Each structure stands twice: as structure tokens, then as C-alpha cells.
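User: Please take a close look at the principal pocket of this model and explain what surrounds it. I am new to this structure, so a connected account would be welcome.

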Amino acid sequence: MTRTATVVLTLLFLLAALLSATTWAARRTHNAQDFLVMSRRSGTWLASLSYAGNLASPWLLILIAAAAFEWGLAAVWLGAALVFGCILNVWFIAPRLHAVATGQGQVTVLQVLCADAGDRMLPLVVRSAILVTVAMLLVQVAAALELTTRFLDQFGLDSSSLPVLFVAAIAIVVFGGGLRAASLLEAVQTGILLLIAAFLLIPALIASGGPADLRAAFASLGPGPADWFAGKDGVAAVAFAAGSLGLGLATCGQPQALVRFMAMKDEATLRVVRWIAPVWTAALIATVIMCAWCARVLYSGLEHAQDSLPEIANRLLPPNLSAFIVTALAAIVASSLASQLFVLATTVAVDARRSDRTPTFPWLRAALVAVAVLACVVALSVPSGGLEHAFFAFTALGASLGPLLLVRLSGKRTRPGSMLGAMWSGFVLSLLFHLLPDSPGDFLERVLPFIAALGIALTGGERRRNPDRADRSQETVHDRVPI
């Protein structure tokens with residue numbers, strides 16, 4: 001059997017698995033509430049693994065593996081940032097987001113975020129949040145599809161049709177089961193990814209001579225890979241570590257991950273998720289980083305660092321087995337688009353509507369079809385710029401929405417004008433620093449926009465005697481009396 005035949009058979013097998021997942025989720029999805037938040041009945045393992053699989057998204061893990069290949073030991077800061085973000089989300093954001101969403105009947109993260117904008121400014125705040133969310137998620141979708149196509153290019157498949165096929169397959173899954181289907185897909189994907197990374201780590205460690213020889217080989221590569229701060233010292237080392245850890249802050253503003261907290265069944269489920277999700281995330285990141293370190297020792301001349309995991313499979317495993325592994329990796333990256341497509345659809349169908357009523361089931365599915373077509377158009381016609389731009393989209397979305405969500409869930413109300421200022425300052429500063437030359441650890445891009453937006457949100461709180469007034473249009477004479 002040729003490698004191309006192995007790839008085709010693997011894709012057909014994975015397609016059959018997707019259809020099975022669609023059938024399972026569709027049988028449990030009967031109305032709009034089921035589609036949007038699983039009628040708030042998500043169980044422990046589904047919530048834990050799907051959240052971990054979305055937070056440590058496969059394309060983001062490939063990016064961390066590339067950083068581990070290039071930086072060496074210093075990549076642990078990025079891994080620690082994701083674990084830190086996971087802990088912050090499940091311990092601080094999750095209980096508050098679940099309580100607010102359940103108490104007020106909200107079904108999207110943007111509804112929670114914009115609830116205090118007031119009647120006068122609400123349309124502008126909501127449209128701004130929609131614009132940032134849609135644009136940044138489309139960039140992530142395009143980059144993930146580009147990475148998927150890159151992994152499969154070596155097998156001679158038609159690269160122009162692959163993005164359309166993958167988006168269509170994922171859209172069918174979400175079409176049938178909504179959030180439940182997307183969560184199931186990501187729970188399975190993160191389990192398979194951990195198995196693949198652990199499987200690749202065994203021959204990679206053997207080929208590199210074991211842990212002791214791996215440490216010695218790192219020392220021989222020079223001061224950069226063997227240093228925890230990538231060869232930097234003093235202020236540059238502090239900026240490098242802080243900038244890398246800044247990735248954890250961005251996780252607070254990812255609606256495609258946070259929506260799982262709104263769908264959890266009860267507090268007992270959350271108490272278990274608090275422990276499973278961080279441990280699973282840490283294990284997955286550690287395994288991927290170890291594979292990349294082995295690849296750096298074995299193949300230091302590799303042209304593209306993001307190919308480190310497929311390169312281990314291609315060079316250390318039999319041809320057909322390596323083709324199966326690489327195809328599975330590509331499919332896993334593509335399957336991570338389920339939550340992005342789901343959030344894009346709910347943003348169009350729910351958040352963009354002026355009505356407070358939950359849209360109907362057919363309307364939600366129509367919106368999903370529309371955003372799937374839009375994602376295909378963007379992926380085929382607009383160059384994504386690779387994983388670097390996807391990483392920018394991740395941090396920019398976090399800097400735009402994360403600070404406002406933290407302030408909102410802490411119980412402090414922010415003026416609508418300050419909400420707009422915080423949202424756009426986070427996005428514009430992220431874009432500006434992304435276009436400028438990189439600072440150590442990209443500190444300027446990953447940390448300063450988030451801090452600036454958080455400062456605006458905190459200092460723009462409402463000062464009034466009447467706690468029920470939402471904006472200045474509802475102000476009374478008593479509100480102008482100094483406290």
C-alpha cells in the first residue's frame with residue numbers, strides 16, 4: 001500500500017468517526033438551547049477535556065513545539081503561561097461566568113460582556129465586540145487550514161480543495177449537534193493528540209540517547225537552547241519571561257473556550273473540572289515540548305520549526321505508519337475549527353440580533369452554513385500569514401475581551417465609553433506592536449495591550465448612587481449629587 005492510499009484511508013476512517021459523533025450529538029440536540037449551551041447539562045469529562053482541547057488548541061501546540069525547537073529550554077515559559085491561564089479561568093472566571101449566564105439566561109460570552117452597556121451605547125459596544133471576534137477567529141481558522149494543508153502537501157493531494165473539504169466536514173458536525181458536537185470533537189481530539197505525542201516521544205528519546213544524552217546534546221548546541229531565558233539576561237530576561245507568560249492573560253478573552261463554562265451542569269461539575277483541565281493541559285504541553293526538544297537535537301537543520309512533530313514520524317517510523325500519524329495530526333488541527341465555527345455562527349445569529357429572544361434552531365443552522373462559506377472564502381483568497389498571525393489573533397482577541405470580562409465578572413460595572421476604550425485599545429495596541437519589531441518575549445504585544453485595556457476598564461467604573469442606572473441617558477438629578 002502506498003503512503004497516499006494510507007492517507008486516503010485514514011481520512012475516510014476519520015470522516016466516518018465524524019459522522020458517528022454527529023449522529024450521537026444530533027440525537028441529544030432538539031432545540032436552540034441544546035445547540036447553544038447543551039441546555040446547561042455538560043458533564044464533567046466532556047467539559048474538562050473539551051476545554052483543555054480548546055485552550056491548548058492543536059495549532060497553538062504546534063506553535064509551542066516550534067518555539068521549543070527554536071528556543072530550547074526557554075519554551076517552558078509558553079507552556080507555563082497556558083497552564084496559568086487554564087488555572088485562572090477554571091478557578092476565577094468559570095464559577096462567576098456560569099453563575100451570571102445561568103442567572104440571567106445568557107447563552108454567549110458577548111452577551112455577558114455587553115450586558116451593562118446601557119440602551120444608548122449597547123449597539124456600538126456589541127458591534128465592536130462582534131467585529132473584533134469575527135475578524136480574529138477567521139484569522140485563526142485560515143491559519144489552521146493552512147497548517148493542515150502544509151502537513152498533507154507531501155502526499156500529493158490537491159491542496160486547493162482540502163480547506164473546503166475540512167470546513168465542510170467540521171461544519172456538518174456542528175450543524176448536527178452544536179456545542180455538544182464541538183465539545184465531543186475537541187475532547188476526542190485532545191486525547192488522540194496526547195496519545196500521538198506520547199507515541200512519538202518514545203522513538204525520539206531512543207534516537208536521541210535518552211534524557212541524559214538529551215541534556216548533554218542541548219549543552220552542545222550553544223548558550224541559547226540550553227538557557228531558560230534563551231540566552232538573555234538582566235531586564236531582557238525578565239521581559240522575555242513576562243512576555244511569554246503574557247500568553248496566559250490572553251486565554252481570559254477566548255469566547256470559543258469560555259462558552260463551555262456556561263454549559264456546565266452544576267457547581268459539582270465545576271469542582272472536578274478545576275482539577276482535571278489543568279492537569280490534562282500540563283501533560284499535553286509537556287509531551288509536545290519534549291518531542292520538539294528531541295527533534296532539535298536530532299534535526300537541528302530543519303527548515304521549518306513547525307514541522308518538528310511530523311518530521312519525527314517521517315524519519316523514525318515506517319512509511320505507512322508515519323503517513324497515518326501525519327494525517328491524524330492534520331485532521332486534529334482541522335477538527336479544532338469546530339469551536340471557531342460555532343462561535344462565529346452564534347455571534348452572527350445571536351449577538352448581531354437586536355432582539356433579546358433566542359433565535360430559532362433553523363436560524364442558527366443557517367448562520368453556521370453562512371460562516372462556513374465565509375471561512376472557506378477567507379482561507380482560499382486571503383493569505384493567513386501562518387501561525388505567527390494566528391498567534392497575534394489569539395492575543396489580540398484576549399486583550400480586547402479579556403480585561404472587560406474580568407472586570408465584569410468581578411462585580412464592577414464599567415461605563416459604556418470605557419468599555420469601548422478598553423476593547424479598542426487592547427486590539428489597536430496589539431496590532432501596532434505586532435507590526436513593530438519583536439521585543440524580548442514579545443512583551444509589548446502580549447502584555448502591554450492587556451494591561452492598558454484592564455486599566456481603562458478598571459478606572460472607567462460607574463460613579464453613582466443609583467446602582468440600577470445603566471448609562472448616562474438614564475441619569476437622574478440624584479446621580480449628580482457628590483457622594
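Analyst: The largest pocket and its surroundings

Helix α8 contributes 15 residues to the lining of the largest pocket, which is the largest share; helices are DSSP runs (H or I, at least four residues; strands are E, at least two) numbered from the N terminus. The model is predicted, so local features need pLDDT of at least 70 and side-chain atom pairs pLDDT 80 or more, whereas totals for chains, interfaces and linings use all residues. Residues are numbered from 1 along each chain as its sequence is written, and side-chain values use heavy atoms, without hydrogens or water.

The largest pocket has a volume of about 790 Å³, the space filled by probe spheres on grid points joined across faces, edges and corners. A pocket is an open set of points on a 1 Å grid over the protein atoms alone, with protein on both sides within 12 Å along at least five of seven lines; a cavity is a set where a 1.4 Å probe fits but cannot get out, and lining residues have an atom within 4 Å of a point. The lining of this pocket comprises 36 residues, and those nearest its centre are Leu11, Leu14, Leu15, Leu18 and Ala331. At least two lining residues come from each of α1 (3-26), α8 (162-208) and α14 (319-335). By class, the lining holds 31 nonpolar, 4 polar and 1 charged residues (nonpolar: Ala, Val, Leu, Ile, Met, Phe, Trp, Tyr, Cys, Pro; charged: Asp, Glu, Lys, Arg; polar: the others, Gly among them).

Two of the helices that supply this lining, α1 and α8, also pack against each other, at an angle of about 40° with axes 8 Å apart (lines fitted to C-alpha atoms over the stretch in contact, angles from 0 to 180 degrees between N-to-C directions). The two helices are therefore oblique to each other (under 35 degrees is roughly parallel, over 145 roughly antiparallel, 65 to 115 roughly perpendicular, the rest oblique). On the α1 side, the residues that meet α8 are Leu11, Leu15, Leu18, Ala21, Thr22, Trp24, Ala25 and Ala26, where contact means heavy atoms within 4.5 Å. Three of these, Leu11, Leu15 and Leu18, are among the residues nearest the centre of the pocket. The α8 side is formed by Phe166, Ala169, Ile170, Ile172, Val173, Gly176, Gly177, Arg180, Ala181, Leu184 and Leu185. This contact contains 15 nonpolar, 3 polar and 1 charged residues.

Helix α8 has a further partner in α3 (residues 44-55), as the axes of the two come within 7 Å and cross at roughly 70°. That crossing makes α3 roughly perpendicular to α8. From α3, Leu46, Leu49, Ser50, Gly53 and Asn54 take part, and they meet Ser183, Leu184, Glu186, Ala187, Gln189 and Thr190 of α8. The contact of α3 with α8 has 4 nonpolar, 6 polar and 1 charged residues. Leu184 of α8 thus appears here and in the contact with α1.

Enclosed spaces complete the picture. A search of the whole structure yields 5 cavities of 30 Å³ or more, and the largest cavity has a volume of about 90 Å³. Its lining consists of Leu36, Val107, Thr108, Val109, Leu110, Pro255, Val259, Phe342, Val343, Thr346, Thr347 and Asp351. Helices α6 (109-113), α11 (255-262) and α15 (337-351) each provide at least two of these residues, with the largest share, 5 residues, belonging to α15. The lining of this cavity divides into 8 nonpolar, 3 polar and 1 charged residues.
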